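Good morning, and thank you for coming. I would ask you to keep the sequence and the structure in view while I speak.

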Amino acid sequence: MKSEKEKMLDGEIYFANDKVLVSERTFAKKLLHKLNVTEYLMNGNARNILRQLIPNAHKRLYIEPPFHCDYGYNIHSGENVYFNVNCVVLDTMKVEIGDNVFFGPGVQIYTATHPLDAIERRTVEFSKPVSIGNDCWIGGNSVILPGVKIGNGCTIGAGSVVTKDIPDNSLAVGNPAKVIRKLNV
């Protein structure tokens, strides 16, 4: 029988208030408090906190506090990734971020989602992975929904809500985000 964590990571319906998951979120929250309150500047202490919080990130990850995530260990980041202030990553499942990706302020990435049935969603949820390719720029206050794949070389306009996959080298804007043109490669 699978644990609730295994179900979560496999994209199955799971109970989010399982004691193991609550403990892991609490651990992440304690590290986030240190990052967002105690340090608040990207220095040696903050880098040590990030290595503990986001162990699957390249060492060239830069985060402007405040930053929020659920677990941290589900964020897989390439080299030269930058998060501006007030970004949120609900990483109940893998969030894959390529190299040279820049997030404007207030960007939110969601892997967590909920059943449509009102009674069912009182107790359980499920997740879908998010993937962002290399050399992307995600404009401020954009929201990337569960299950979305953004290709290489994309720009997502500020305030966009990305509900569907975006092909390589595209400029996508709006709510819902739509590709408005291909970008020169």
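I shall go from the whole chain to its sheets, and then to two of its helices.

Please bear in mind throughout that this is a predicted model.

Let me begin with the chain as a whole. Its secondary structure consists of three helices and 18 strands. The radius of gyration is 16 Å, close to the 16 Å that the globule rule gives for 185 residues, so the chain is as compact as a globular protein of that length. Along the principal axes, the C-alpha atoms fill a box of roughly 50 × 45 × 25 Å. Of the 185 residues, 46% are buried. The accessible surface comes to about 9400 Å², and carbon and sulfur atoms account for 54% of that area. As for contacts with a separation of 6 or more, 27% of them are between residues 24 or more positions apart.

I turn now to the sheets. In what order do the seven strands of the open sheet with mixed pairing lie? The order is 1-4-7-12-15-17-18. At its edges are strand 1, residues 61–63, and strand 18, residues 178–182, each of which pairs on one side only.

Let us follow the end of this sheet that leads to strand 18. Strand 15, residues 155–156, pairs with strand 17 in the parallel sense, over two bridges. Within that pairing, Ile156 stands opposite Ala172 of strand 17. Strand 17, residues 170–173, is in turn joined to strand 18 by four bridges, and these two strands run antiparallel. Here Ala172 appears once more, this time opposite Val179 in strand 18. Ala172 therefore serves as a useful landmark: it faces Ile156 in one pairing and Val179 in the other. Strands 17 and 18 form a hairpin with four residues between them. In the turn, Gly174 has a positive phi of about 105 degrees.

A further open sheet has four strands, in the order 3-6-11-14, and its pairing is parallel. Strand 3, residues 75–77, and strand 14, residues 149–150, stand at the edges with a single partner strand each, so one side of each has no neighbour in the sheet. Strand 14 is joined to strand 11, residues 130–132, by two bridges, and the two run parallel. In this pairing Ser131 stands opposite Lys149.

Next, helix 3, which spans residues 44–53. Which of its residues are buried? They are Ala46, Ile49, Leu50 and Leu53. These residues cover an arc of only 100 degrees around the axis, and therefore lie on the same side of helix 3. What do the buried residues of helix 3 pack against? Their partners are helix 2, residues 19–39, together with strand 1 and strand 2, the latter being residues 67–69. Strand 1 is also an edge strand of the seven-stranded sheet. At the start of helix 3, a side-chain oxygen of Asn43 comes to within 3.0 Å of the backbone nitrogen of Asn45.

Finally, a single residue in helix 1, residues 4–9: Lys7. Is Lys7 buried or exposed? Its relative accessible area is 19%, and a residue counts as buried under 20%, so Lys7 is buried. Leaving aside residues up to four places away in sequence, Lys7 touches Lys2, Glu12, Ile13 and Tyr14.

That concludes the tour, and I thank you for your attention.

Terms used: Residues are numbered from 1 along each chain as its sequence is written. This is a predicted model: local features need pLDDT of at least 70, side-chain atom pairs count only at pLDDT 80 or more; totals for chains, interfaces and linings use all residues. Side-chain values use heavy atoms; hydrogens and water are left out. Two strands pair if DSSP finds at least two bridges between them. Buried means under 20% relative accessible area, exposed over 50%, partly exposed in between (1.4 Å probe, protein chains only). The arc is that of the directions from the helix axis to the C-beta atoms. Contact means heavy atoms within 4.5 Å. A polar contact is a pair of N or O atoms within 3.5 Å; within protein, one must be able to donate a hydrogen and the other to accept it, and residues adjacent in sequence count only if both atoms are side-chain atoms. The radius of gyration is taken over C-alpha atoms; the globule rule is 2.2 Å times the number of residues to the power 0.38. Accessible areas come from the Shrake-Rupley method with a 1.4 Å probe; for residues, only the protein chains shown count as cover.
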